[in-house]
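Here are some short exercises on a sheet, its helices and the confidence of a model. Keep the structure open while you work.

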Amino acid sequence: AAHPLNVLLVLLLHSGKYLRVLGYTGIELGLAVFDFFGGIIDRKNFFKELTFIPKRIGVCAGLREIIRFRVKLDITRGMPVICANFLGYDEQAHRRGPGSSFAHWSLKGIDGTIKDIFRTALRSDCREYQVIIYSDHGQEATVSYSSQHDRDIQHAVRGVLAGWMSPDQVEETQISAMGPVGHVYLPEPLPPQDLRSLACQLVERAKIPLVLFRGETGAVAVNREGEFDPRRAPEPVLGADHPFLQQAAEDLAALCDHPDAGDLILSGWFPGAPPMTFPVENGAHGGPGKEETRGFLLLPPFMKTGKTVLRPLDLRHIALSFLRNRKPERIPVPLKDKLSLRTISYNIHSCICMDGKISPERIARILDWYQPDLVALQEVDVDKKRTGYRDQAQWIADYLEMNHFFFPVVTRNGEKYGIAVLSRFPFIDIKNSWLPSLPPANRRERRGVIQARIDTPYGILHFLNTHLGLHVKERQRQVQELLGPGWLGSIPPDEAVIFCGDFNAGPRSVVYRELTRRLRDTQTECTTPRMHTFFSGNPFLCLDHIFISPHFTPLTVEVPKTQDVKMASDHLPLIADLRLDSGHQAQVRQKDLHKVRINDYLQK
């Protein structure tokens with residue numbers, strides 16, 4: 001119905017995509033013809049091999065590229081949920097086997113398509129997409145029933161049924177078999193005892209590996225080893241080495257309980273024997289095999305479930321939780337030490353991401369995934385027009401369920417910009433101030449510092465956060481101020497200190513050397529070589545530091561470099577797990593207890 005000129009314009013605009021589809025189609029055509037002659041040499045059915053050529057080209061090239069184009073189009077339109085299903089590997093695995101080179105070639109093409117879609121989703125201007133990649137099943141290398149017994153499953157089952165019912169009833173019996181699972185629907189229901197005898201004969205005479213039915217008390221599984229309850233005795237049914245023994249056994253039992261599963265359920269699985277499929281195919285899925293029950297799921301880090309074995313309903317729960325709340329359920333990230341404090345220093349670039357999006361959600365999700373106890377944030381916007389008038393410090397703190405304090409280093413016309421500290425523990429007291437700058441002061445961005453005393457379960461500590469200036473002399477003046485009696489110089493030697501920030505200075509600078517005379521750098525004690533935090537896309541400078549007093553032992557230091565983290569800010573977060581020494585904990589607690597007793601006495 002479109003105007004011919006419009007059609008021509010569309011063809012011209014998307015000519016690259018059409019040429020790519022034609023290119024992939026040509027490659028797949030060549031492979032399909034090569035595969036065709038390979039099948040003929042192996043004495044496969046000529047017409048089946050010939051008809052597989054257009055099927056392969058259509059599924060592995062044409063359909064895949066159409067789906068790629070449509071998904072990218074939906075991304076640019078901002079569709080809230082987009083689901084794509086790529087069938088190339090599945091089709092090839094059925095035809096040539098899951099380990100065949102042709103199946104793996106199709107898988108490589110699918111990987112490239114997913115990579116392209118993933119990059120497009122990251123660049124979307126309409127939405128902040130999260131990409132989940134999953135395979136809902138694996139593939140089992142199989143032998144067909146007919147190749148083993150010179151007859152198909154329908155004839156075999158009807159041959160056994162002929163001794164149980166009239167020819168008309170045998171003809172009325174419906175037998176449905178697809179892959180390694182079949183269902184038998186009898187014209188009239190039989191009592192459980194007759195079903196048991198019939199199942200035994202199907203195993204013995206028809207050589208069916210496994211037959212299931214619903215008995216008097218629940219599911220019953222029959223194979224050549226005997227009769228078993230799959231829930232109570234899954235090992236003789238599935239094999240003791242099955243990776244998902246109990247889950248697969250529960251599924252078999254649930255299948256028997258399903259009202260539409262038929263009177264008898266046929267399966268091609270027997271422990272230790274080659275898996276069997278009822279159609280003619282070299283790969284199958286749908287049964288209880290070790291490989292066909294093994295899918296995979298790739299999630300963004302903050303969507304992790306904490307489970308090692310997932311079911312389809314788990315994936316549904318993850319997706320719905322994110323869509324409804326934009327925040328998945330909190331999954332604990334184990335620390336190296338139960339007594340450690342996880343501290344993060346992060347320049348969040350006003351939550352302006354590298355793709356131009358303004359997203360406090362990205363920053364909050366990254367922080368939430370690592371579940372910090374203490375956070376020092378730099379370049380935080382509050383009520384600024386450029387970032388949508390949001391209170392970023394409050395929003396991130398609420399998302400993390402942490403206490404926070406924001407210091408507006410710069411305030412203009414009600415718009416604020418500064419630094420913030422967040423804590424999972426209560427603040428005792430907080431002080432903040434500006435740092436000295438070089439003249440003319442009105443032409444330079446003002447800098448500041450926050451110092452908070454925090455009551456942690458391991459003792460009271462001083463937590464400092466700063467963002468130093470860009471000029472060398474300015475930073476030197478600011479560090480002298482910080483080391484003086486107003487800040488670090490006023491902290492007694494027996495009290496613990498964590499000093500975080502974007503110091504705009506590397507480990508060879510005068511600023512760094514001055515600070516390390518008073519404090520220790522966590523990186524020098526944990527990592528070799530040093531991890532860089534700026535620029536996030538390709539980090540080459542170490543500007544962010546976490547300094548500690550001798551009361552701490554650094555356990556781990558990490559700078560995450562996932563795609564999400566690289567896109568969230570121009571800096572990467574610096575993460576350190578710190579353990580407060582037990583001797584200091586006892587000393588601080590005794591000192592605090594003495595203060596409490598004096599205060600109680602004065603109040604009385």
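The exercises below concern a predicted model.

**Exercise 1. Find which strands stand at the edges of the six-stranded open sheet.**

Solution.
- Write down the strand order: β15-β16-β14-β13-β24-β23. The pairing is mixed.
- Go to the two ends of that order. β15 (403-412) and β23 (552-558) each have a single partner strand, so one side of each lacks a neighbour in the sheet.
- Add the twist. From one strand to the next, it averages 20 degrees.

**Exercise 2. Work out how β15 is joined to β16.**

Solution.
- Locate β16 at residues 415-423.
- Check the direction. β15 and β16 run antiparallel, joined by nine bridges.
- Take one pair as an example. Asparagine 403 has serine 423 of β16 as its bridge partner.

**Exercise 3. Name the strands touched by helices α13 and α14.**

Solution.
- Start with α13 (residues 360-370). This helix packs on the sheet and touches β13 (340-347), β14 (374-382), β23 and β24 (574-580). The directions of α13 and β13 make about 160 degrees.
- Move to α14 (residues 392-400). This helix also packs on the sheet, with β14, β15 and β16 as the strands it touches. The directions of α14 and β14 make about 145 degrees.

**Exercise 4. Decide where confidence in the chain is highest and where it is lowest.**

Solution.
- Begin with the whole chain. Its mean pLDDT is 88, and 93% of its residues reach 70 or more.
- Compare elements. β14 is highest, at 98, while helix α19 (residues 582-603) is lowest, at a mean of 47.
- Look at residues 588-604. Their pLDDT stays under 50. The model has twelve contacts for them beyond four places in sequence.

Note on methods:
Residues numbered from 1 in each chain as written. Predicted model: local features only at pLDDT ≥ 70, side-chain atom pairs only at ≥ 80, totals over all residues. Heavy atoms only, no water. Pairing = 2+ DSSP bridges. Helix = DSSP H or I, 4+ residues; strand = E, 2+ residues; numbered from the N terminus. Axes fitted to C-alpha atoms, helices over the stretch in contact; angles between N-to-C directions. Contact = heavy atoms within 4.5 Å. pLDDT = per-residue confidence, 0-100.
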